Amino acid sequence: MTTLLQVNDLHVQFPAPGGGLLNLRPRKVNAVNGASLNLSAGQALGLVGESGCGKSTLARAILQLTPSSSGQVLFDGSDMRQGNRVDIERLRRETAMIFQDPYSALNPRQRIGQILAEVLQVQRKVPAAQIPARVAELLGLVGLRAELAERKPGSLSGGQCQRVGIARALAVEPRLIVADECVAALDVSIQGQIINLLLELRQRMGLALLFITHDLGVVRHLCDRVAVMYLGRIVEEGPVAEVFDDPRHPYTAALVQSIADIDPARRLPQQPLAGEPPSPLQPPSGCAFHPRCRHALPQCGTGMPPSHAEGGRYHACVHPRLPC
Ligand SMILES: Nc1ncnc2c1ncn2[C@@H]1O[C@H](COP(=O)(O)OP(=O)(O)O)[C@@H](O)[C@H]1O
Ligand SMILES: [Mg+2]
């Protein structure tokens, strides 16, 4: 399979909140702190991790919506961090994002038809005369009636709005869709419908999908591979079933155990994940997970953990296999 997206050692820093004039050495929030991942054409990669670990920042930095301070973002082999205007235009034409809040992602003053038509015009996807037919087709693709083109977002349900968000992403005819917590704001029954829609569209159109969520059950249903993020880094990556059934990083193991409904037969954790995730303002030394890790060794607090890559799986830990 050809690699569509390759992220190497990416760093994104924000100025720390509260830094004033007297702050001579302004502190930085290391929101993404050396993240690396790969996504093949047509593949769905789930990106999971606790709130604040840097998932949204990583997504935005991949799409060049947030500046990154170092690393590489290779899209189809070209580094978009060093990209010129033509590269960035191509990135915009070939990628699309679906957001968490379907209402605020749509302009409330525009009719649904206008929202979709605008994308088609800007991206010059079809001749002007064919735009209304394409708008109707896009609405059909996401299971909405063509009449909805006349309505404004305020008169639609959350699920309908998210379908419009997906239609807008599809209007770009992207090779990669980044969906950031795109079902988190919806009712559970509607979540299932949207996930099934994404699954169907993915199979039909061969889209690559970077699917950000804290819901591991959804990842298991929708994705081929999963990347587990902790404090700005990917700590484990691999095929979904293998990672969930046989986690190799202690953080993945703790996450999987804490989600009882992935496998109702699995017993609840005897030692659930202790403590809060640390602050990206002052990441712990060595392996960032070591203060919460029940398998930590003395050296985990000093050196970076070694990487293990084997049989399509990756994890970064002092232990080559999860200790019992
Ligand atoms: N625009 C910003 N300015 C300053 N700090 C930010 C900004 N966006 C995110 N952060 C910080 O970066 C870290 C990662 O945030 P985020 O990427 O939103 O995590 P996630 O999506 O995994 O919940 C958090 O500590 C957050 O407070
Ligand atoms: Mg987020």
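**Strands, sheets and helices**

Visitor: Which residue in S9 stands opposite Val48?
Guide: This is a predicted model, where local features need pLDDT of at least 70, side-chain atom pairs count only at pLDDT 80 or more, and totals for chains, interfaces and linings use all residues; side-chain values use heavy atoms, leaving out hydrogens and water. Residues are numbered from 1 along each chain as its sequence is written, with chains lettered from A and ligands numbered from 1 in the order in which they are written. Strand S3 (residues 44-48) runs parallel to strand S9 (residues 225-230), and four bridges join them. Opposite Val48, in S9, stands Val228.

Visitor: What angle does the direction of helix H9 make with that of S9?
Guide: H9 (residues 250-258) packs on the sheet and touches S3, S9 and strand S10 (233-239), where contact means heavy atoms within 4.5 Å. Angles run from 0 to 180 degrees between N-to-C directions of lines fitted to C-alpha atoms, for helices over the stretch in contact. For H9 and S9 that comes to about 105 degrees.

Visitor: How much does the eight-strand sheet twist from one strand to the next?
Guide: The open sheet has the order S6-S7-S8-S3-S9-S10-S12-S11, with mixed pairing; a pair takes at least two DSSP bridges. Its edges are S6 (95-98) and S11 (307-310), each pairing on one side only. From one strand to the next, the twist averages 15 degrees.

Visitor: And which helix packs there, touching S6 and S7?
Guide: Look for a direction that makes about 170 degrees with that of S6. Residues 158-171 are the ones, touching S6 and S7 (176-180), and they form H5.

Visitor: Are H3 and H4 roughly parallel or roughly perpendicular?
Guide: H3 (residues 112-122) and H4 (residues 131-141) pack with axes 9 Å apart, at about 115 degrees. Under 35 degrees is roughly parallel, over 145 roughly antiparallel, 65 to 115 roughly perpendicular, and the rest oblique. So H3 to H4 is roughly perpendicular.

Visitor: Which residue in S4 stands opposite Leu5?
Guide: Another open sheet has four strands, ordered S2-S1-S4-S5, with antiparallel pairing. Within it, five bridges join S1 (residues 3-15) to S4 (residues 70-75). Opposite Leu5, in S4, is Phe75.

Visitor: How many strands does the protein chain have?
Guide: Helices (H or I, at least four residues) and strands (E, at least two) are DSSP runs, numbered from the N terminus. The chain comes to nine helices, and its strands number 12.
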